[in-house]
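Hi everyone, thanks for coming. Please have the sequence and the structure open while I talk, and stop me whenever you like.

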Amino acid sequence: MVSYTSFSFFLLYFGITAVIYSIMPQKVRWIVLLCGSYFFYFVSSKGNVIPLILVSLAVWGCGLWLEKMQSKMKGKRKASSDKEEKKKIRAQYNQYKRRILTFAVLLVVLILLICKYTGFFVETVNGIFKSNIANPGIIQPLGISFFVLEGISYMADVYYGKIEAEKNPLKISLYLSFMLTVVEGPVARYDQLGTQLSKCKYNNLEDISKGYIRMVWGLFKKIVIADRAVILVSAVFDNYERYSGLQIAAGIAFYTLQLYCEFSGVMDIVCGLGSFLGIKLPENFNQPFFAKSINEFWQRWHITLGAFLRDYIFYPVSLSKGIKNLSAKTKEKFNQYYAGLIPTATALFFVWFTNGFWHGAGWKYIVYGLYYYFLMMLGMFIKPLSDKFFEKLKINREGRAYGIFSVLRTVVIVNIGMLIFRADDLKTAFLMFKSMFRNIDFSVLLIGHKNGFGLNIYDWAVIVIGFFIILSVGIIKEKGCDITEKIYRLPFALKFVLYLAAIFVIIIFGAYGEEYGVVDLIYANF
């Protein structure tokens with residue numbers, strides 16, 4: 001695919017689109033974005049655009065169908081003067097609407113399953129029944145997991161009456177294919193992104209200036225840190241049998257660093273470029289490694305995915321008839337705390353199963369999601385006991401010391417999750433986890449040690465300094481300081497020097513050239 005960090009993207013795809021966009025009348029700007037987005041998607045996906053078109057048509061048709069049912073219901077209710085008759089009409093049409101939504105969601109999910117999970121299903125069946133069904137080798141469309149979720153959120157929002165259905169199918173297609181979100185997200189709702197793409201308001205100098213700051217910060221995280229950290233990550237994970245102890249731990253920690261810097265860096269890049277167009281994209285990260293619990297971590301990491309799972313999986317399941325019946329039964333048998341927890345835990349299972357399954361076609365991804373589910377449920381179920389334990393030992397959980405401990409504990413838990421996420425399979429993840437506790441030797445982490453990591457002293461220096469820069473910025477942002485606003489308010493001469501210095505840092509210290517390979521975007525595979 002065409003990477004968001006490549007010169008071809010900045011100059012050919014986004015660059016030309018942005019220039020034409022800026023000189024065209026406002027009413028036709030969305031057409032420029034649609035053409036630019038489809039051109040980018042067509043090239044990046046090597047022409048595999050049919051699934052995107054099918055999902056766009058299904059989402060558009062469902063929206064109009066739902067709105068038509070809503071209009072018919074209002075007309076019939078208005079014509080009736082009997083209250084009971086009005087209730088019957090509402091119930092009847094709500095049932096129609098639920099069937100329409102269910103049909104449309106199943107249709108787009110079926111497209112997702114066929115395109116992304118067919119190979120996984122075939123391998124699973126062959127493994128269980130010892131059969132030899134041939135894998136059809138369907139090529140996964142670029143960004144399908146992202147535009148399918150956006151399509152589902154749009155249809156659900158029309159169903160619930162949060163937004164009006166869009167009449168123009170091309171505008172729905174632009175919303176799902178927008179070049180800045182189609183590859184790695186964020187998973188934007190229609191009222192967050194689609195309405196902006198339809199209006200295409202004019203930007204200003206402040207938007208461009210702040211967008212530049214955000215974009216360069218993202219490039220620093222991606223090109224300087226993530227693309228350099230991948231050298232060590234690949235060395236350890238591709239040859240894990242050669243390593244043990246702190247070498248394995250270093251590989252896991254560096255993968256966590258790589259994934260965070262790449263994913264959040266790309267989000268900074270696309271948000272910055274969105275500002276160039278006067279478009280504000282939803283935030284996807286909020287200093288996740290300052291979280292004091294797993295729950296808080298996932299409120300700060302991949303925020304838009306978490307919000308989708310909460311609003312379109314957790315709430316509907318929680319309000320379903322089955323969960324309500326379960327809640328009534330638990331109230332008869334358990335105390336108030338566990339009576340409320342058991343139905344919640346049941347609904348959360350579907351959330352975390354979906355989270356893992358969404359990430360990839362493999363059992364390790366399902367286990368990855370359920371790993372967090374198990375730890376969260378464990379914490380919730382033993383909370384009454386842990387509260388008594390801390391109270392008895394008089395441990396202040398609001399104190400600074402316990403706060404630091406909570407952050408470090410969460411970081412360790414997340415790193416173990418990253419091991420599951422990155423390892424080739426569950427067996428490899430288990431073997432690598434065991435290897436961490438063998439032959440522990442601190443000298444293997446020393447610069448110059450023949451550890452096979454592939455990093456020279458220059459690479460180590462850049463990564464260490466870069467890490468502390470990212471950490472410092474995170475601490476400042478945690479304290480509520482808007483660094484982008486502070487930089488923007490600097491005198492023009494100083495600001496200009498900083499802007500030039502920032503881009504030169506990317507050029508000088510970026511991990512590209514003969515010694516570095518091209519690093520594909522991790523989340524582009526999802």
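Let's begin with Glu283, in a model that is predicted. Glu283 has a relative accessibility of 37%, and because that falls between 20% and 50%, it counts as partly exposed. Its side chain meets that of Arg214 in a salt bridge, 2.7 Å from N to O. This pair links distant parts of the chain: Arg214 is in helix α8, Glu283 is in the loop between α9 and α10, and they are 69 residues apart.

Why would such side chains meet at all? Well, side chains of opposite charge can pair when their charged atoms come close.

Now follow α8 to another pair. Arg228 and Asp459 form a salt bridge, with the closest N and O atoms 2.7 Å apart. Arg228 sits in helix α8 and Asp459 in helix α18, so this pair ties together parts 231 residues apart in sequence. Are these two buried or exposed? Arg228 is buried at 1% relative accessible area, and Asp459 is buried at 3%.

Helix α18 also holds Glu478, the partner of Arg300 in helix α10, so here the parts tied together are 178 residues apart. The closest N and O atoms of Arg300 and Glu478 are 2.9 Å apart. Arg300 is buried, at 11%, whereas Glu478 is partly exposed, at 33%.

How many salt bridges are there? The count comes to 17. Some join up: Glu206, Lys210, Glu485 and Arg489 are linked in a network.

One last stop, Thr181, in the loop between α6 and α7. Thr181 is buried, at 1% relative accessibility, and the residues it touches include Tyr4, Phe146 and Leu281.

Key:
Residues numbered from 1 in each chain as written. Predicted model: local features only at pLDDT ≥ 70, side-chain atom pairs only at ≥ 80, totals over all residues. Heavy atoms only, no water. Helix = DSSP H or I, 4+ residues; strand = E, 2+ residues; numbered from the N terminus. Buried < 20%, exposed > 50% of the residue type's maximum accessible area, 1.4 Å probe, protein only. Contact = heavy atoms within 4.5 Å. Salt bridge = Lys/Arg side-chain N within 4 Å of Asp/Glu carboxyl O. Lists of a residue's contacts leave out its neighbours within four places in sequence.
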